[in-house]
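Let's walk through this one together, from a single helix residue out to the pockets. Have the viewer open as you read.

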Amino acid sequence: MADFLSLHTALSGILAARAGVETTSHNVANAHSTGYTRQRVTQLSREYGHQASYGTIGTGTTIDGITRARNEFLDMRVRAGLGLSAGLDVRASLLAQVEEALAEPELGVSAALADTWNAFEELSLSPTDPAARRNVISTLQALTVRINTVAVGWNRVAADAHVSVQQDVGEVNRLLEEVAGLNDAIRRSTGLTTPNDLYDRRDLALDRLAELIGATSREMEDGTVKVSVNGLTVVQGDRVNELTWDAESLRVMHPSNVELTPGGAVAEYKRFLEVELPTRQAEFDQFVAILVEALNSRHTSGTYGPGLPGEELFAPDATAFTLTLVMTDPDRLAASGDPFATHDGSNAASLAALREEPILGDGRALDQIWREIVTDIGVSARTALDGASAQAGLQNAAELARLGAHGVSIDEEMVALIEYQHAYQASARIMTAVDELLDQLITRTGLVGR
């Protein structure tokens with residue numbers, strides 16, 4: 001009877017080794033699959049042994065399951081970093097586009113301002129020169145185009161941000177549906193099989209959700225996960241609460257009609273549209289309003305022709321978005337400060353002096369105001385880029401740590417394959433030995449004494 005028991009014990013070793021080889025083969029095949037988690041066969045000794053007069057004889061091994069080498073702490077660490085890293089990347093990208101729209105210094109407003117002051121200065125030296133007058137109109141037109149180009153460029157950045165956040169919210173809803181579907185499949189599979197590959201697909205979706213909107217998850221007793229964003233549940237079992245993006249109010253809404261505070265990339269898009277860009281546009285509008293007021297008031301204080309008063313250069317209601325040059329006739333430029341002196345260029349000189357003349361109560365000139373705006377945007381863009389680069393380094397370290405814990409190492413799998421191969425051979429050798437013993441027992445029993 002003990003010999004037959006040995007056969008069953010050896011068979012259990014063969015089956016366990018075969019499962020190990022198959023699992024190792026699955027690992028190797030998915031070594032480069034995105035989101036795949038290394039799997040291992042978990043073996044236990046059989047619970048009940050054979051009771052003999054001299055003690056209990058083990059009856060082999062049993063496969064307890066095929067587990068994933070997943071570390072929940074590393075998942076939480078990576079997902080928290082994904083949201084932060086994605087937000088910083090979005091901020092750096094948007095501010096870089098805002099800075100790029102300025103086209104400073106060669107093709108920006110500062111160059112157009114410098115050309116305008118130089119043109120007025122030349123006009124002050126030759127107030128009756130037609131070429132000098134046409135040059136002033138040309139530089140004013142270039143300044144208008146440059147200011148409006150910046151405004152249009154910033155509006156385009158805002159429009160792109162709206163499209164991006166709408167697409168991200170759409171992707172979030174798709175991922176929520178995927179997680180809910182996987183929850184249902186995992187719940188139905190639990191107890192029958194080990195749905196490790198379904199777990200991997202779900203973890204991949206949870207990583208992306210953390211990156212897009214800062215979603216967090218908690219595993220439930222039935223194997224499903226509950227997904228929430230800032231405390232509001234978006235997935236519970238196979239039920240999904242889809243989110244919506246209100247472009248008018250710049251809000252992400254939960255189906256319960258409660259505003260959701262997102263994280264990740266969506267949060268930074270929302271912050272840019274709600275705070276960052278309006279602040280920059282307000283500063284730009286204020287600068288343009290000061291510029292228009294200064295040029296209009298200085299030009300209307302002069303005269304042209306036989307004592308005719310100067311007119312406004314720009315439309316009175318001009319803003320960064322509707323700046324319009326209304327003075328396009330070179331002959332009507334009020335270069336003179338004396339109504340009866342045709343060759344006087346004092347008013348043109350006064351306009352040129354706006355380059356360095358204090359405009360505001362704090363003593364800042366127009367050029368200085370613009371330089372401060374450009375510098376502030378540049379510093380913000382550079383700071384955002386440095387922050388994104390620093391976070392990327394930290395995120396890479398977290399990703400590598402997690403990859404080391406659950407990724408597939410070909411060298412490690414080869415070692416495991418050799419171990420399982422030797423275990424299989426050893427169990428097969430035991431069966432051969434037992435078979436030879438049984439053969440001796442069956443064929444030679446009763447031959448003694450013949």
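In which helix is A267 found? A267 is part of helix 6, which covers residues 264-300; helices here are DSSP runs of H or I with at least four residues, strands are E runs of at least two, and both are numbered from the N terminus. Before going on, a word on ground rules: this is a predicted model, where local features need pLDDT of at least 70, side-chain atom pairs count only at pLDDT 80 or more, and totals for chains, interfaces and linings use all residues. Residues are numbered from 1 along each chain as its sequence is written, and side-chain values use heavy atoms, with hydrogens and water left out.

Back to A267: it counts as partly exposed because its relative accessibility is 23%, given that buried means under 20%, exposed over 50%, and partly exposed in between (1.4 Å probe, protein chains only). Its C-alpha atom sits 6.9 Å from that of G87, although the two are 180 residues apart along the chain.

Now for helix 2, residues 72-102. Its end C-alpha atoms are 46 Å apart, which agrees with the 45 Å that its 31 residues should span at 1.5 Å a residue; the expected span is 1.5 Å times one less than the number of residues. At the N-terminal end, N71 acts as the cap, with a side-chain oxygen 3.0 Å from the backbone nitrogen of F73. Just past the other end of the run, A103 has a positive phi of about 55°.

Helix 2 also leads us to the largest pocket, since 6 residues of the lining come from this helix, the largest share. A pocket is an open set of points on a 1 Å grid over the protein atoms alone, where a 1.4 Å probe fits and protein lies on both sides within 12 Å along at least five of seven lines; lining residues have an atom within 4 Å of a point. Of the 21 lining residues, E72, D75, M76, R79 and S217 lie nearest the centre. Helix 5 (196-213) and strand 5 (216-219) each supply at least two as well.

The second largest pocket has 17 lining residues, with T34, G35, Y36, L403 and H406 nearest its centre. Helix 5 turns up again here, giving two or more residues, as does helix 8 (366-406).

How far should you trust all this? The chain averages a pLDDT of 87, and 93% of the residues score at least 70; pLDDT is the predictor's confidence in each residue, from 0 to 100. Strand 2 (residues 50-52) has the lowest mean among the elements, 61. Where pLDDT is low, the predicted coordinates should not be read in detail.

Definitions and conventions
Polar contact = N/O pair within 3.5 Å; in protein donor to acceptor, adjacent residues only side chain to side chain.
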